[in-house]
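Here is a short tour for your next modelling session. Have the viewer open, and let's go from the whole chain down to single residues.

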Amino acid sequence: MKTTVETLENNKVKVNVVFDAKEVDARIKATYKDFAYKYNFPGFRKGKAPRPVIDNALGAEAVRASVTDDLINGSYPDILEQEKLYPVSKPEAAQNDGMVEQGKDFEFSFTLTVKPEYELSSYEAVEIELPSEEATEEEIDEQVEALREHYFDFQDANANTKIKEDSTVELAMKATDDAGEAIDSLTSEERLYTLGTGLLPKVFDEELVGLKKGQKKEFSIDIAGNDAILLTSLAGKTTKVQFEVEVKVVKKKVMPEINDEWAQKSLGFNDLNDLRARIAESIKQQKGEMLPRLKEDACLAVLAERLQGEVPEAMANESEASLLQGFFTQLQRSGMSFDAYLAQQNMNADQFKEDVKKQAQDVAKQDLALDAWARHFGMEATDGDISDEFVKSGAEDPKALEADWRKNGQLYLVREGILRSKAALDVMEKAVVSELKPEKPAKKATKKTTKKASSKKSTEEQTEE
């Protein structure tokens, strides 16, 4: 098989293929033999029917048509490997002058949309900023303050203190239903209640705002449309809840003093220095797990900005489909519904779709930038590299799996992933990293709807797709 590739516009190539007469004749001979074994021909044993009998029984062009189809469709995976093509869509219908003929070369061509080969504006090392690998004093202080928040106490506030939107108050509360019967779950002589927690609806909190110690108030709240925690059990039992509340006292939060005694008695450390040292160790460990991914993200973001070209629509669509597949797989494993996820993220379906499209563009742009880096520095994905990927996939028979991928024309996906992985590692190794100062906030990242696609998928992940 001889192939030539002609570059066309819009990231398309025309592949011209020629099978010489010797190969054609061998294929025709093998197909006649195969048919002789595959079908029953009266008067002949398996595999012994001559060509005229086969032609007469199956049609004069049956064998030629089968060989033609096999040469066109069966050679596609080998062509991708031979020419190192990276398709982003299925090939267009092949063009040929007819079926194969005995003793003659067979030629055909097809058009394929491939991944563009863009360049970067620079191949110099990327410059990025990352947090310090060590725990900073500011980070330790933040953790200490977070711990302190868990050990607060309440004291009575001044009698003239008015209730605010986040106040904690002690209430005497009576609640009755439509029939005037007391609702025991809401009625109490002393109930400590913090506004804004969602235990009771927002309208309840609004009725309290501005009240002071000793003041009373009566009001009613409709059950319909209220999903506050303490009202859910009343659905279908009453339409309204009538409240009579008295403010016993407004509370104020008192935070503990940060000192050796607090660190020892409340948290079990030797002293405050011991607490801070343990926190520093924990922060450093967390950073050790987090910084490699942060570094990769930062490097790829800078590299993508250097890409000179636009992401093809087909490639963006493929990236979007991959992100969605990964997202919904994770969502299913977590047991969360899509509606619950949207509510958690405070977004609607249209915002979700728009966010995924943007992420798909970003991922595709980063991939093209890594492709450019790999080409520029002459990186290769050897046959050994490819075989290693199948071994690392954990398949019971890596060689059989590799052969299956080769037969199906999918090896280019593995090669592509290997090259991008090598490029990403190279970019990260060469990166010029400066420390992000605590007083200088990091550039806020775009909220991620789905897990970012890795620069390289494992063979196992691609197999699942």
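This predicted model has 15 helices and 13 strands in its chain. The radius of gyration is 35 Å, well over the 23 Å that the globule rule gives for 465 residues, so the chain is more spread out than a compact globule. The points below start with overall figures and then turn to a sheet and a pair of helices.

**Overall figures**

- If you are setting up a box, note that the C-alpha atoms fill one of roughly 110 × 60 × 40 Å, taken along the principal axes.
- The accessible surface of the chain comes to about 27600 Å², and carbon and sulfur atoms account for 46% of that area.
- Burial can be put in one figure: 37% of the 465 residues count as buried.
- Contacts between residues at least 6 apart in sequence can be split by separation, and 74% of them join residues at least 24 apart.

**The four-stranded sheet**

- An open sheet is built from four strands in the order β1-β2-β4-β3, with antiparallel pairing.
- Its edge strands are β1 (2-7) and β3 (95-96), each of which pairs on one side only.
- Strand β1 runs antiparallel to strand β2 (residues 12-19), and six bridges link the two.
- To find the register in your viewer, look for T3, which stands opposite V17 in β2.
- A further marker of the register is T7, which faces V13 in β2.
- Four residues lie between the strands in the hairpin of β1 and β2, and N10 in this hairpin takes a positive phi near 55°. That backbone angle is worth a glance on your Ramachandran plot.

**Helices α3 and α4**

- Helix α3 covers residues 62-74 and helix α4 covers residues 76-83.
- These two helices pack at an angle of about 35°, and their axes are 5 Å apart.
- On the α3 side, the contact is made by I72, N73 and G74, which meet Y76, P77 and D78 of α4.
- Sorted by class, this contact of α3 with α4 holds three nonpolar residues, two polar ones and one charged residue.

Definitions and conventions. Residues numbered from 1 in each chain as written. Predicted model: local features only at pLDDT ≥ 70, side-chain atom pairs only at ≥ 80, totals over all residues. Heavy atoms only, no water. Axes fitted to C-alpha atoms, helices over the stretch in contact; angles between N-to-C directions. Contact = heavy atoms within 4.5 Å. Nonpolar A, V, L, I, M, F, W, Y, C, P; charged D, E, K, R; others polar. Pairing = 2+ DSSP bridges. Rg over C-alpha atoms; globule rule 2.2 N^0.38 Å. Buried < 20%, exposed > 50% of the residue type's maximum accessible area, 1.4 Å probe, protein only. Areas by Shrake-Rupley, 256 points an atom, 1.4 Å probe, with all protein chains shown as cover.
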